[in-house]
Amino acid sequence: MQNSAVRVGLIILAAVAVSAAAALLILRTGPTHAGLLRPDDAETVARGKAVYAENCASCHGADLEGEPNWRRPDGDGLLPAPPHDESGHTWHHSEKLLFDLTKYGLAATAGLKDHKTRMPVYDGVLSDEDIVAALSYIKSRWPAELQLRHTEMSAQDQ
Ligand code: HEC
């Protein structure tokens, strides 16, 4: 009687140990990215690539290269579209800020009431999921090291 109770206890202990080990393994090998964007998710990135090609590439470049001389205002005093690759400053902004800039526009997000820009406002044009997908695609194109820094920086803002 006592023997079998001990055995049951041992089995339970073993089960607990195994699940703890499994949980640790999942934590260690699971997705490294837990933010708003999903640059590691192939499906999201594929969708984002299509959304980007359709909605963003005409200004930001088919290869994320931006417009020429993007740091200098054009003849109308408006800034050309910056690149979204590592040479631009997209990666300087947190995931949440990038989402807000795209959805609500630069003026509303940055509190620049009279800021004139060619960057459209996508609220009511693209779904949240499509905006997340397009930005996930953009992020997936950055070097791994930059993605990591961006994720760490974004974690403080979400
Ligand atoms: C009609 C041209 C145009 C289209 C289309 C466009 N953008 Fe822009 N975008 C701009 C311009 C111009 C700026 C810089 C504006 C400024 O600073 O005044 C900009 C800036 C941005 C920024 C801020 C980048 C930074 O480093 O500050 C983000 C993010 C952005 N765009 C995302 C997108 C996404 C995502 C799409 C597609 C869903 C898109 N844009 C489509 C013209 C465009």
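## Around the ligand

The ligand is surrounded by 23 residues, and C56, C59, A81, T117 and M119 come nearest. Three elements each give two or more residues to this shell: α3, α4 (95-104) and α6. By class, the shell holds 14 nonpolar residues, 8 polar residues and 1 charged residue. This is a predicted model.

## The chain as a whole

The protein chain has 7 helices and 0 strands. Along the sequence the pattern reads α-α-α-α-α-α-α.

The chain has 158 residues, and 22% of them are buried. Take the contacts with a separation of 6 or more. Of these, 59% join residues 24 or more positions apart.

## Helix α2

Helix α2 covers residues 42-55, which makes 14 residues. At 1.5 Å a residue, the helix should span 20 Å. Its end C-alpha atoms are 20 Å apart, so the model agrees with the expected span.

Which residues of α2 are buried? They are T44, V45, G48, V51 and Y52. Seen down the axis of α2, these buried residues fall within an arc of 125 degrees, so they line one face of the helix. An α-helix has 3.6 residues a turn, so residues three or four places apart point the same way.

## Two sides of α2

The buried residues of α2 are covered by elements that include α3 (57-60) and α6 (128-140). Both α3 and α6 also give residues to the shell around the ligand.

The face turned away from the buried side carries exposed residues: A42, E43 and E54.

Note on methods:
Residues numbered from 1 in each chain as written. Predicted model: local features only at pLDDT ≥ 70, side-chain atom pairs only at ≥ 80, totals over all residues. Helix = DSSP H or I, 4+ residues; strand = E, 2+ residues; numbered from the N terminus. Expected span 1.5 Å × (residues − 1). Buried ≥ 20, exposed ≤ 12 C-beta atoms within 10 Å, placed from the backbone. Arc of directions from axis to C-beta. Contact = placed C-beta atoms within 7 Å. Near = placed C-beta within 6 Å. Nonpolar A, V, L, I, M, F, W, Y, C, P; charged D, E, K, R; others polar.
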